[in-house]
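Here are my notes for you to read beside the model. Take them one at a time, and find each residue on your screen as you go.

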Amino acid sequence: MNSVLLKSGAGGRILMVVLGRPNGEFDRADRASTYDLLELGVGTYRESRDRYDVVFSEGAGSPAGVNLCE
């Protein structure tokens, strides 16, 4: 499961899914929540690393996320 999943939507909106549950939408120009999402992602990774012998990380889509960063 993705700890944080960002899906591009219509009109420059981004759907945010956190720990498998929809967690609202935000405008791609809003950068304030990105730090919280980074902390959540890193924290989830650390928990998995401490709990399991092997942790796979995977990215989807463009590595630059151009459609989310305009």
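1. **The overall plan.** Follow the chain along its sequence and you will meet the pattern β-β-β-α-α. That makes 2 helices and 3 strands. Please keep in mind that this is a predicted model.

2. **The sheet.** Now look at how the strands sit side by side. The 3 strands form an open sheet, in the order β1-β2-β3, with antiparallel pairing. β1 (4–8) and β3 (21–27) are at the edges and have a single partner strand each, so one side of each is left without a neighbour in the sheet. On average, neighbouring strands of this sheet are turned by 25 degrees against each other, with direction ignored.

3. **Pairing of β1 with β2.** β2 covers residues 13–18, and 5 bridges join this strand to β1, the two running antiparallel. To trace the pairing yourself, begin with Val4, whose bridge partner in β2 is Val18. Then go to Ser8, which stands opposite Ile14 in β2. The hairpin of β1 and β2 has 4 residues between the strands, and in this hairpin Gly11 takes a positive phi near 65 degrees.

4. **Pairing of β2 with β3.** These two strands also pair in the antiparallel sense, over 5 bridges. Val18 comes up again here: its bridge partner in β3 is Arg21. Which residue takes a positive phi in the hairpin of β2 and β3? Leu19 does, with a value near 50 degrees, in a hairpin that has 2 residues between the strands.

5. **The nonpolar core.** Try colouring these side chains: Ile14, Met16, Val18, Phe26 and Leu37. Together these 5 residues make up the largest nonpolar core. Which strand gives the most to this core? The answer is β2, with 3 residues. You have already met two members of the core in the strand pairing: Ile14 opposite Ser8, and Val18 as the bridge partner of Val4.

6. **A salt bridge between strands.** The structure holds 2 salt bridges. In one of them, the side chains of Glu25 and Arg13 meet at 3.7 Å, N to O. Glu25 lies in strand β3 and Arg13 in strand β2, so the pair ties together parts that are 12 residues apart in sequence. Arg13 is partly exposed, and its relative accessible area is 31%.

7. **The other salt bridge.** Next, find Arg49 and Asp50, whose side chains meet in a salt bridge at 3.8 Å, N to O. Is Asp50 buried or exposed? Asp50 is exposed, with a relative accessible area of 63%. Arg49 has a relative accessible area of 42%, so this residue counts as partly exposed.

8. **The chain as a whole.** Finally, step back from single residues. The chain has 70 residues, of which 16% count as buried. About 5,600 Å² of the chain is exposed, and carbon and sulfur atoms supply 52% of that area. How do the contacts spread along the sequence? Of those in the chain with a separation of 6 or more, 29% come from residues 24 or more positions apart.

Key:
Residues numbered from 1 in each chain as written. Predicted model: local features only at pLDDT ≥ 70, side-chain atom pairs only at ≥ 80, totals over all residues. Heavy atoms only, no water. Pairing = 2+ DSSP bridges. Axes fitted to C-alpha atoms, helices over the stretch in contact; angles between N-to-C directions. Core = buried A, V, L, I, M, F, W, Y, C linked by side-chain atoms within 4.5 Å. Buried < 20%, exposed > 50% of the residue type's maximum accessible area, 1.4 Å probe, protein only. Contact = heavy atoms within 4.5 Å. Areas by Shrake-Rupley, 256 points an atom, 1.4 Å probe, with all protein chains shown as cover. Salt bridge = Lys/Arg side-chain N within 4 Å of Asp/Glu carboxyl O.
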